[in-house]
Amino acid sequence: MILLEEATAIIKEEQKRGRIHRTPLLRSESLSRLAGGDVFLKLEALQKTGSFKIRGAYFAMHKYIQEGYREFITASSGNHAQGVAYAAQLHGVKATVVMPESTPWLKVKKTQDYGATVILHGESYYEAELKARELLRDGVKFLHAYNDWFVISGQSTLGVEIIEDLQDVDLVVVPVGGGGLISGVAYAVKQRRPSAKVIGVQASGAPSVYLSLKEGRPVVIERVDTIADGIAVKRPGDITLKLIQEYVDDVVLVDDNEIVDAIFLLMERTRVVAEGAGAAAVAALMSGKVKAEGRRAVAVVSGGNIDAPILMRVLMKALARQRRIVKLVGEVPDRPGMLAKASSILASRQVNILEVYHERYDPEQRPNYVRLSFVVEIPATLDLSKVIEELEKAGFYFKVLD
């Protein structure tokens, strides 16, 4: 059973001591305009360890230490790992974490920095969990990332805070991986505001809960493929699936492009850095997969642990999707000065050239021409078609590569 009141008291005590944050609930003007409602962000990306996971890890460890355990092992794709490592540091106990080999470097490093022993194994959370259970021995407690009543109880405190800060909330949108967060949040919300709807959001490349709800039983998917590594889970928990069936109103899917757009909006408009999983709820509101018109809605931004190289790729992808950065591809006469002439036309229109590619290799290419590609940044007020026309008048035939 979910120990809502006990978990709330324990987490609030740690918040008073400054060891766990009570994260802000802030209204987003940009999202409110896009979604047509009154949209607030629960910013767990600003939580200790960079995600909500410390809530469940801390409370569960607190309870198991009372049962006599002083050493813990777990499996995680990153955020639960850091939560367990930090909780173990706070409690003065040992922790070992098995993480998938594809886990971003930042999450591995931060887990080690909190004092945990890290073992990299397998392609997904599912394989990492099997390895962790192989390593289990007497006196060591396996602390599951989501399929644990104490962990779920800790995550429920996030739902309590939402209701305390926004008592008339109509809609709470929550990212879903294995289901621990949404199970706790949905239970807390329904206990304190039964009329509020709770909607889960999964990545379309890792839809285990979505499919499990349709089948009415836990479904194991063969392969997960999503930028949202924090919710890339192959199978929901038995406990969490039952709680989702009882307390969650719906689960929707968003694709990676929608998640990319959400990460970008959060960074550019709200100055919040979110990882893929953390931006999933915002993606659902932006894309219209979850309707917020005329409602007071909360999107849980569950984590902000994103590697710098991944963030760089996400930002470039988002700019390309918005046609703020484009690739121009064409042929130019193979004569001296042609590259400079094409570049000067772009410069005259305040087009910033980011990259240039000059290629003679294509055997189908006309012998007296070369292929020229520009990756360019387009000013917001510029009509790109006018630039293409100007290039054509100068004898250059370019098109925008989609």
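## Helix 12, serine 373 and some salt bridges

Trainee: How many residues of helix 12 (residues 280-287) are buried?
Mentor: Buried means under 20% relative accessible area, exposed over 50%, partly exposed in between (1.4 Å probe, protein chains only). In helix 12 (helices are DSSP runs of H or I, at least four residues; strands are E, at least two; both numbered from the N terminus), Ala280, Ala281, Val282, Ala283, Ala284 and Leu285 are buried. So the helix is mostly covered, and the count comes to 6 of its 8 residues.

Trainee: What kind of model is this?
Mentor: Residues are numbered from 1 along each chain as its sequence is written, and side-chain values use heavy atoms, without hydrogens and water. Local features need pLDDT of at least 70, side-chain atom pairs 80 or more, and totals for chains, interfaces and linings use all residues; the model is predicted.

Trainee: Which residue follows helix 12?
Mentor: Look for a positive phi, near 85 degrees. The residue with that phi is glycine 288.

Trainee: Which residue does lysine 289 meet in a salt bridge?
Mentor: A salt bridge puts a side-chain nitrogen of Lys or Arg within 4 Å of a carboxyl oxygen of Asp or Glu. Lysine 289 sits in the loop between helix 12 and strand 10, and its partner is 31 residues away, in helix 11 (residues 256-270). With 37% relative accessible area, lysine 289 is partly exposed. The N to O distance is 3.1 Å, and the partner is glutamate 258.

Trainee: Is serine 373 buried or exposed?
Mentor: Serine 373 belongs to strand 13 (residues 369-377). Contact means heavy atoms within 4.5 Å, and beyond four places in sequence, serine 373 touches Lys327, Leu328, Val329, Glu355, Val356 and Tyr357. Its relative accessibility is 7%, so serine 373 counts as buried.

Trainee: How far apart in sequence are aspartate 38 and arginine 296?
Mentor: The two form a salt bridge, with the closest N and O atoms 3.2 Å apart. Aspartate 38 is in strand 2 (residues 38-43) and arginine 296 in strand 10 (residues 296-301), so the bridge ties together parts separated by 258 residues.

Trainee: Which of the two is partly exposed, aspartate 38 or arginine 296?
Mentor: Aspartate 38 has a relative accessible area of 18%, so that one is buried. At 24%, the partly exposed one is arginine 296.

Trainee: How many salt bridges does the structure hold?
Mentor: One more pairs glutamate 5 with arginine 192, at 3.1 Å between the closest N and O atoms. That pair spans 187 residues, from helix 1 (residues 4-16) to helix 8 (residues 180-192). The total is 32.
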